[in-house]
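Reader: Could you take me through one part of this model at close range? I would enjoy a connected account of how its residues are placed.

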Amino acid sequence: MGKSTKKSTINQGAIYDARQLGAPKMMVLGIQHMFAMFGATVLVPQLTGLSVSATLLFAGLGTLLFHFISKGMVPAFLGSSFAFLAGYGAIAPNGEKELLPYACFGVATAAILYFVLAGLIKAFGVKRVMKFFPPVVTGPIIIAIGLTLSQSAVDNCSANWIVALVAIVIVVVCNIWGKGMIRVIPIILGALGSYITAVLMGEVDFSGIKSAAWFGLPVRMEDTVFAIFKSPDTSLLITAVITIMPIAIATMMEHIGDIAAISSTVNRNFFEEPGLHRTLVGDGLATLVASLFGAPANTTYGENTGVLTLSRVYDPRVIRIAACIAIVFSFSPKFAAVISSMPAATCGGISIVLYGMISAVGVRNVVENQVDFKESRNVIIAALILVLSIGVKYSAAGAININIGEINIGLSGLAVGALVGILLNALLPDFSTEDVNEGKEPKPLK
């Protein structure tokens with residue numbers, strides 16, 4: 001090993017390097033990370049109708065791909081993204097198997113925006129690029145994502161409110177009063193407690209578990225994006241792209257926040273080395289590959305950052321162990337059947353908390369960045385994003401439909417709100433305090 005490598009290892013500190021712990025302890029830490037991401041990751045296919053096995057496979061492969069792109073330096077796990085749930089719901093509202101590949105195609109095209117942003121950051125720097133996506137735009141978009149999902153959560157809860165309330169109570173109690181790992185895995189505990197309640201009430205069908213094989217391939221070609229190109233619906237393809245692509249604006253901002261949180265936890269500047277452009281490419285590439293093969297979009301997981309804080313072992317190899325464990329589980333249809341037997345009310349109870357937390361993250365984004373709502377431009381931008389996103393979603397048509405010849409394009413509320421917010425932020429003049437005090441003409445953002 002060369003001098004530069006040795007120096008890097010020393011600078012990382014003992015708590016960063018897990019080799020001194022030995023293989024057994026590293027394996028235990030890997031399992032802990034796997035459980036931390038597990039509850040939220042497998043919930044996404046439950047809510048959308050996507051394959052649980054494919055989800056686990058590409059969460060693991062996506063994490064390994066991310067680590068390869070980011071030089072194996074960033075201890076991040078990539079699990080299923082909740083932000084894209086609104087996109088899946090717009091294209092396949094009831095989890096229709098024949099429509100899900102179109103939604104996945106939209107997610108795959110959204111992943112391309114990660115590469116575009118990474119290229120711009122590499123060329124012009126972070127600050128110059130990010131001024132087009134300030135908190136006054138990204139905050140309301142994130143708020144709208146959670147609110148537009150709220151109806152599906154309540155509908156699922158209505159299947160059995162007792163089962164749903166058990167999930168909600170356990171998640172809330174573990175989050176507020178839990179200690180150690182209890183506080184890290186509230187989703188798993190909430191799902192488990194609610195599932196047991198449903199079993200006792202006779203709400204769970206075990207027939208699928210009994211008939212499922214112990215071993216099987218996690219991906220079926222008919223569930224992938226490649227299957228739809230045999231006889232594609234052009235209108236639906238275009239609608240999926242326009243509907244889902246803008247959601248990447250919120251997920252890219254989420255990625256940047258997660259990398260900042262991991263950097264703070266580990267006490268290393270990952271924005272500089274390996275570079276934000278590399279982590280964005282890694283996340284985008286993981287999402288692209290996953291969506292093409294019928295799995296949910298990936299995103300860096302805050303749950304695993306919590307485990308890093310708890311264990312104080314920051315070695316990325318522990319995360320890679322967790323990724324390999326997820327891949328192994330993906331080859332067991334029996335395991336996927338257990339997850340799929342989860343009652344709708346259990347998913348609904350957990351979803352109420354998670355969707356609410358998505359909106360709360362948007363509120364926190366606005367508050368922590370001290371967005372000044374005394375300025376009319378900020379009020380107008382936020383107001384139009386929220387009203388258009390939610391209003392269009394719950395309108396009679398559920399979208400703004402545009403006919404171009406024989407092709408019908410449907411713009412979802414989130415797509416309309418995001419596009420309007422970005423344009424207004426770029427065009428409306430920013431009356432800063434300095435400009436007003438000095439009597440200068442305000443300048444539009446560029």
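Author: Happily, let's look at helix 19. Its buried residues are Arg377, Asn378, Ile381, Ala382, Ile385, Ser389 and Val392. Viewed down the axis of helix 19, these buried residues fall within an arc of 145 degrees, so they line one face of the helix. A general rule helps here: an α-helix has 3.6 residues a turn, so residues three or four places apart point the same way. On the other side of helix 19 you will find Ser376 and Val387, which are exposed. Please keep in mind that this is a predicted model.

The length of helix 19 can be checked too. The helix covers residues 376-393, which makes 18 residues, and at 1.5 Å a residue they should span 26 Å. The C-alpha atoms at its ends lie 25 Å apart, which agrees with that expectation.

For comparison, here are two other places in the model. On the surface, a nonpolar patch is formed by Ile162, Leu192, Ile196, Leu200 and Met201, with about 520 Å² of accessible area together. Helix 10 (residues 186-200) gives the most to this patch, with three residues. Ile196 has its place in helix 10, and its 44% relative accessibility is why Ile196 counts as partly exposed: that class lies between the 20% limit for buried and the 50% limit for exposed.

Ser70 sits in the loop between helix 3 (52-69) and strand 1 (78-80). Ser70 counts as buried because its relative accessibility is 0%. Leaving aside residues up to four places away in sequence, Ser70 touches Pro274 and Thr279.

Terms used:
Residues numbered from 1 in each chain as written. Predicted model: local features only at pLDDT ≥ 70, side-chain atom pairs only at ≥ 80, totals over all residues. Heavy atoms only, no water. Helix = DSSP H or I, 4+ residues; strand = E, 2+ residues; numbered from the N terminus. Expected span 1.5 Å × (residues − 1). Buried < 20%, exposed > 50% of the residue type's maximum accessible area, 1.4 Å probe, protein only. Arc of directions from axis to C-beta. Patch = residues over 30% accessible without salt bridge, like charges linked within 9 Å, V, L, I, M, F, W, Y side chains within 5 Å. Areas by Shrake-Rupley, 256 points an atom, 1.4 Å probe, with all protein chains shown as cover. Salt bridge = Lys/Arg side-chain N within 4 Å of Asp/Glu carboxyl O. Contact = heavy atoms within 4.5 Å.
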